[in-house]
Amino acid sequence: MFRRLALIGTGLIGGSLALALRERGEVGEVVGYSRRLDTRLAAERLGLIDRPADSISEAVAGADIVFLATPVKAMDAVLGELATCLPDDALVTDGGSVKGAVVERARAHLSAAQLARFVPGHPIAGRERSGPEAATAELYRGHRVILTPIAENRAEDVARIEAMWQAVGARVEQLDVAHHDHVLAATSHLPHAAAFAMVSSLARLAERYEVFRYAAGGFCDFTRIASSDPVMWRDICLDNRNEILAMLDHYRAELDCLRDMLESADGEAIESYFAEAKAVRDALYPAAQADLTSRPDTRGA
Ligand SMILES: NC(=O)c1ccc[n+]([C@@H]2O[C@H](COP(=O)([O-])OP(=O)(O)OC[C@H]3O[C@@H](n4cnc5c(N)ncnc54)[C@H](O)[C@@H]3O)[C@@H](O)[C@H]2O)c1
Ligand SMILES: O=C(O)C(=O)C[C@]1(C(=O)O)C=C[C@@H](O)C=C1
């Protein structure tokens, strides 16, 4: 499918795409650049890339596809540099968790011709571990990838990026950029914020050592994602700040509502509140697919 993939960011998301494309013979060569030398060398040692590059311009030389997989704020400098060295025939896409801010950065740095070849995307797949060691060839199998094409894109370029993701087992859908950021604030960004806050709230208790000694399934399920990378999540929160603020307010109102029911010891109201939430979740994840930590995303399949 591609002659040479240039990976900018050789961690979980970039490394997993490279591994999957290599395993399926969809790419001739993968060249990887990441900010730190040890990360580039680890990516080579782990077989995610064929060779490391010492700069973005070295990585993209001769590439026909460029995948940006750094934290979203780092894409500003990356796109700035890319504008000076992108080969004329190369397509560019990314895996950033926020799309509006990334598209703004692309518009600020890329020429009109380069912008036309930038097809923004976001794989809805991941894990709480990061870095090249966390990459797996199966990360995207059965998961959704959202493309958020911009008006400048050509349909055939969008189709090529779609085919790339389909080749690694993903189901591709398209959303408008702003709508993506609105929806993902609810389904991904709010749960991460809530998990970080949940762990912090217990960690600040005087009796935290005892509390954590007895933390088991429920706490572990709820907070797995609080082990995610702080830099990545700082960037997501700042880049999608307004949407996340609105979702946090909405969530806080629900917590207040539950608190009121509890304060007034209204058992009937509490039970029906829980029953309503259970019905929604059971419909989303039928019991047979309950192990969310190990199964691919089959919602709506
Ligand atoms: N982790 C997830 O679950 C997940 C899921 C979907 C999308 N994403 C998005 O994918 C992107 C990458 O996330 P990840 O989980 O692979 O992170 P990661 O930490 O595993 O990898 C990030 C890579 O970017 C490199 N990097 C950081 N700053 C850089 C810079 N200025 N220049 C060049 N390289 C730089 C790092 O060295 C590392 O190789 C982020 O934008 C994130 O929002 C993450
Ligand atoms: O499963 C996880 O660990 C994830 O956090 C993956 C997850 C998500 O929220 O679903 C995290 C960030 C993304 O941009 C996409 C996927």
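This is a guided tour of a predicted model, one selection at a time.

**Stop 1: the largest nonpolar core**

Start by selecting Leu-5, Ile-8 and Val-66. These three touch the most other members of the largest nonpolar core, which has 63 residues. Now add helix 1, residues 12-23: this helix gives the core seven residues, the largest share. As a general background thought, nonpolar side chains in soluble globular proteins tend to be buried together.

Keep Leu-5 on screen. Which residues is Leu-5 in contact with, leaving aside its neighbours within four places in sequence? Select Ala-18, Leu-21, Val-27, Val-30, Ala-63, Ile-65 and Phe-67 to see them.

There is also a second, separate core, made of five residues. Ala-185, Ala-193, Ile-244 and Met-247 are among them. Remember those names, as they come back at Stop 4.

**Stop 2: along strand 1 and on to helix 2**

Select Arg-3, a residue of strand 1, which covers residues 2-8. Is Arg-3 buried, exposed or partly exposed? Arg-3 counts as partly exposed because it has 13 C-beta neighbours inside 10 Å, and that label needs a count above 12 but below 20. Beyond the neighbours within four places in sequence, Arg-3 is in contact with Gly-28 and Asp-64. Try a distance label from Arg-3 to Ile-65: the two are 62 residues apart in sequence, and their C-alpha atoms are 8.1 Å apart in space.

Next, pick Leu-37 in helix 2, residues 37-45. Leu-37 counts as exposed, with 10 C-beta neighbours inside 10 Å. Draw a line between the C-alpha atoms of Leu-37 and Pro-52: these residues are 15 apart along the chain, with a separation of 8.7 Å.

Now move to Ser-55, in the loop between strand 3 (51-52) and helix 3 (56-60). Ser-55 has 11 C-beta neighbours inside 10 Å and so counts as exposed. How many Å separate the C-alpha atoms of Ser-55 and Ala-112? The answer is 24 Å, for two residues that are 57 apart along the chain.

**Stop 3: helix 4 and helix 5**

Here is a handy idea for the helix stops: two packed helices are described by the angle between their axes and the distance between the axes.

Select residues 75-82 for helix 4 and residues 100-109 for helix 5; their axes come within 9 Å and cross at roughly 30°. Helix 4 and helix 5 are therefore roughly parallel to each other, since angles under 35 degrees count that way. Their crossing is right-handed. Show side chains for Met-75, Asp-76, Leu-79 and Gly-80 of helix 4, then for Val-102, Arg-105, Ala-106 and His-109 of helix 5, and you have the residues that make the contact. By class, they divide into four nonpolar, two polar and two charged.

**Stop 4: helix 8 and helix 12**

Colour helix 8 (residues 177-203) and helix 12 (residues 241-263). The axes of these helices come within 9 Å and cross at roughly 60°. The pair is therefore oblique, and helix 8 passes helix 12 in a right-handed crossing.

Which residues meet here? From helix 8, select Asp-181, His-182, Ala-185, Ala-186, His-189, Leu-190, Ala-193 and Ala-194. From helix 12, select Glu-243, Ile-244, Met-247, Leu-248 and Tyr-251. The contact divides into nine nonpolar, two polar and two charged residues. Here are the names from the second core again: Ala-185, Ala-193, Ile-244 and Met-247.

Zoom in on Ala-186 in helix 8. Ala-186 is partly exposed, with 15 other C-beta atoms within 10 Å. Ala-186 and Ile-244 are 58 residues apart in sequence, while their C-alpha atoms are 7.5 Å apart in space.

**Stop 5: Ala-265 and helix 13**

Follow the chain from helix 12 into the loop before helix 13 (267-284), and click on Ala-265. Most residues other than glycine have a negative phi. Ala-265 has a positive phi of about 50°, although it is not a glycine. Ala-265 is exposed, with 8 other C-beta atoms within 10 Å.

Finally, show helix 12 and helix 13 together. Their axes are 8 Å apart and pack at an angle of about 145°, in a left-handed crossing. Leu-258, Met-261 and Leu-262 in helix 12 meet Ala-269, Ile-270 and Tyr-273 in helix 13. This contact has six nonpolar residues, with no polar and no charged ones.

Terms used: Residues numbered from 1 in each chain as written. Chains lettered and ligands numbered in written order. Predicted model: local features only at pLDDT ≥ 70, side-chain atom pairs only at ≥ 80, totals over all residues. Core = buried A, V, L, I, M, F, W, Y, C linked by C-beta atoms within 7 Å. Helix = DSSP H or I, 4+ residues; strand = E, 2+ residues; numbered from the N terminus. Contact = placed C-beta atoms within 7 Å. Axes fitted to C-alpha atoms, helices over the stretch in contact; angles between N-to-C directions. Parallel < 35°, antiparallel > 145°, perpendicular 65-115°, else oblique. Left-handed = near helix turned anticlockwise from the far one by under 90°. Nonpolar A, V, L, I, M, F, W, Y, C, P; charged D, E, K, R; others polar.
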